[in-house]
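Please look through the sequence and the three-dimensional structure below before reading on. The report that follows moves from the whole chain to its strands, its helices and a few single residues.

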Amino acid sequence: MTCVVVGVDGSPGAVAALRFAFEEARMRGLPLRIVCAWEPSASTYVGETFAATPDGFLEAEHHADEVLREALELLSADAAVDCEALAIEGHPATVLIEQARDAALLVVGSR
């Protein structure tokens, strides 16, 4: 399936990338895949012999879900593009490359 993929993280650069990707998807007549990759913070691993705590994973995933909710709200006024939103655990570059394998375009912002 060909689509436009955009990586978001809640930053102003990601919002600009989201808007750009939405317009590209609309012009190309393609669906938009909004991806927020998440990883637990390094402090999640501090503690019991560097074992990860479940709270750190839940917090990171919850943040990704919130970023995606806000992204979809930003686009909700215009139903011209089919959108899917995915929160995926992993390093952002790796996740985005994997999600863009079948994409016509990958859009990312900058900080």
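In what order do the elements of the protein run from the N terminus on?

## Overall layout

This is a predicted model, and in it the elements run β-α-β-α-β-α-β from the N terminus on. The protein holds 3 helices and 4 strands, and buried residues make up 35% of its 111 residues. Among contacts between residues at least 6 apart in sequence, 72% join residues that are at least 24 apart. The protein exposes about 6,600 Å², and carbon and sulfur atoms supply 56% of that area.

## Confidence

The mean pLDDT of the protein is 87, and 84% of the residues reach 70 or more. When the elements of the protein are ranked by mean pLDDT, helix α2, residues 54-75, has the lowest value at 87, whereas β1 has the highest at 98.

## Strand β1 and its partners

In β1, Val4 and Val6 point one way while Val5 and Gly7 point the other way, and all of them are buried. This fits the general rule that side chains in a regular strand alternate between the two faces of the sheet.

β1 pairs with β2 in the parallel sense over 4 bridges; Val5 has Arg33 as its bridge partner in β2, and Val6 has Ile34 as its partner in that strand. β1 is also joined to β4 by 3 bridges, and these two strands likewise run parallel, with Leu105 of β4 serving as the bridge partner of Val4. Together with helix α1, residues 12-28, β1 and β2 make a right-handed β-α-β unit.

## Strand β2

Is β2 largely enclosed by the rest of the structure or largely open? Because 7 of the 7 residues of β2 are buried, the strand is largely enclosed by the rest of the structure. Leu32, Ile34, Cys36 and Trp38 point one way from β2, Arg33, Val35 and Ala37 point the other way, and all are buried. Besides its pairing with β1, β2 is joined to β3 by 7 bridges, and β2 and β3 run parallel; one of the bridge pairs links Cys36 with Ala87 of β3.

## Helix α3 and its buried side

Helix α3 spans residues 92-99, and its buried residues are Val95, Leu96 and Gln99. These three residues lie on the same side of α3, because they cover an arc of only 95 degrees around the axis. The buried residues of α3 pack against β1 (4-7), β2 (32-38), β3 (83-89) and β4 (105-107), while the face turned away from the buried side carries the exposed residues Thr94 and Ile97.

Pro92 also belongs to α3, but at 35% relative accessibility Pro92 counts as partly exposed. Leaving aside neighbours within four places in sequence, Pro92 is in contact with Ala37 and Glu39. Pro92 and Ala37 are 55 residues apart in sequence, yet their C-alpha atoms are 5.0 Å apart in space.

## Residues in helices α1 and α2

Glu24 has its place in helix α1. Is Glu24 buried or exposed? Glu24 counts as buried, because its relative accessibility is 14% and the cut-off for burial is under 20%. When neighbours within four places in sequence are left aside, Glu24 is in contact with Val4 and Leu105, two residues that are also bridge partners across β1 and β4.

Helix α2 contains Leu68 and Phe57, which can be set side by side. Leu68 is buried, with a relative accessible area of 6%, and, not counting residues up to four places away in sequence, Leu68 touches Val8, Ile34, Val35, Cys36, Ala85, Leu86 and Ala87. Leu68 and Asp9 are 59 residues apart in sequence, with a C-alpha to C-alpha separation of 8.4 Å. Phe57, by contrast, is partly exposed, with a relative accessible area of 23%. The C-alpha atoms of Phe57 and Pro40, which are 17 residues apart along the chain, are separated by 5.1 Å.

Technical notes: Residues numbered from 1 in each chain as written. Predicted model: local features only at pLDDT ≥ 70, side-chain atom pairs only at ≥ 80, totals over all residues. Heavy atoms only, no water. Buried < 20%, exposed > 50% of the residue type's maximum accessible area, 1.4 Å probe, protein only. Contact = heavy atoms within 4.5 Å. Areas by Shrake-Rupley, 256 points an atom, 1.4 Å probe, with all protein chains shown as cover. Arc of directions from axis to C-beta. Pairing = 2+ DSSP bridges. Right-handed = clockwise from strand over helix to strand, strands pointing away. pLDDT = per-residue confidence, 0-100.
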